[in-house]
Amino acid sequence: MKPTALFIPLFFLFFFLCFFTHGIKTQELINKTCNLSSKGDPNIKFSFCKTSLQAAPASQCASLRGLGMISIRLIRYNVTDTRCFIKNLLKNLNKNSSAFEKACLDDCFELYSDAIDSIKRAMKSYNLKRFYDANIQISSVMDASTTCEDGFKERKGLVSPLTKRNNFTFQLSAISLSIMNLIQKGSD
């Protein structure tokens, strides 16, 4: 048998084992991260954390720091999409909608517009390892989702059309803050 004929199958076997083993380690990292995060923060659900992080393509080969950036990107996508959703709700308000409902949606639109700027700054701060600044910026996104949801609760009987989206924004932000906390604990 020629040496090259033996080399090729061994190369593919080695490549497969390395890739497969790395994938297992990444799944373990996501499970461990989400487990610690959900145990440390009642606002984080393990299954939501795990599903969210696993859904990101780059998560399969990410370090803890990489998972942190992925979580911030997930917030950015969610905030951007929610802002667009609110814009469409405002555009399609029917004549039966109250002025209060429109005011709530206007407020949420502004909150999510500001949140987009905050999350962009958080990404820059995170990349520069300025975790304190990133924490403040992500916390402001978290506050925006809560403030948006609370606005609808001021009028009895008014149901927020954004509850699920606000909850996702809040949880994704909590996950990101938790990951930053884990990173900082590891670097002490």
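Visitor: Why is Cys84 called partly exposed?
Guide: In this predicted model, Cys84 has a relative accessible area of 40%, and since buried means under 20% and exposed means over 50%, a value in between is called partly exposed; Cys84 is therefore partly exposed.

Visitor: What makes Cys104 buried or exposed?
Guide: The relative accessible area of Cys104 is 5%, and buried means under 20%, so Cys104 counts as buried.

Visitor: How do you know that Cys104 is in no disulfide?
Guide: The nearest cysteine sulfur to that of Cys104 belongs to Cys108 and is 6.6 Å away, whereas a disulfide requires sulfur atoms within 2.5 Å, and Cys104 is therefore left without a disulfide.

Visitor: What makes Cys108 and Cys148 a disulfide?
Guide: Their sulfur atoms, those of Cys108 and Cys148, are 2.1 Å apart, and because the cut-off is within 2.5 Å, the pair qualifies as a disulfide. Cys108 lies in helix H4 (residues 99-127) and Cys148 in helix H5, so the link ties together parts that are 40 residues apart in sequence. With 105 degrees about the S-S bond, the link of Cys108 and Cys148 is right-handed, and both of these cysteines, Cys108 and Cys148, are buried.

Visitor: How do you know that Cys34 and Cys49 form a disulfide?
Guide: The same reasoning applies, because a disulfide is a pair of cysteine sulfur atoms within 2.5 Å, and the sulfur atoms of Cys34 and Cys49 are 2.1 Å apart. This pair links distant parts of the chain, with Cys34 in helix H1 (residues 3-40) and Cys49 in helix H2 (residues 46-55), 15 residues apart. The link of Cys34 and Cys49 is left-handed, with -75 degrees about the S-S bond, and both Cys34 and Cys49 are buried.

Visitor: How many disulfides does this rule give, and what is the pairing?
Guide: The count comes to 2 disulfides, and when the bonded cysteines of the protein chain are numbered in sequence order, the pairing is 1-2, 3-4.

Visitor: Why are H3 and H5 called roughly parallel?
Guide: The axes of helix H3 (residues 64-91) and helix H5 (residues 131-153) come within 12 Å and cross at roughly 30 degrees, and because angles under 35 degrees count as roughly parallel, H3 and H5 are described in that way.

Visitor: Which residues make the contact of H3 with H5?
Guide: On H3 they are Arg65, Ile72, Ile75 and Val79, and on H5 they are Phe131, Ile138 and Val141; by class, this contact has 6 nonpolar, no polar and 1 charged residues.

Notes:
Residues numbered from 1 in each chain as written. Predicted model: local features only at pLDDT ≥ 70, side-chain atom pairs only at ≥ 80, totals over all residues. Heavy atoms only, no water. Axes fitted to C-alpha atoms, helices over the stretch in contact; angles between N-to-C directions. Helix = DSSP H or I, 4+ residues; strand = E, 2+ residues; numbered from the N terminus. Parallel < 35°, antiparallel > 145°, perpendicular 65-115°, else oblique. Contact = heavy atoms within 4.5 Å. Nonpolar A, V, L, I, M, F, W, Y, C, P; charged D, E, K, R; others polar. Buried < 20%, exposed > 50% of the residue type's maximum accessible area, 1.4 Å probe, protein only.
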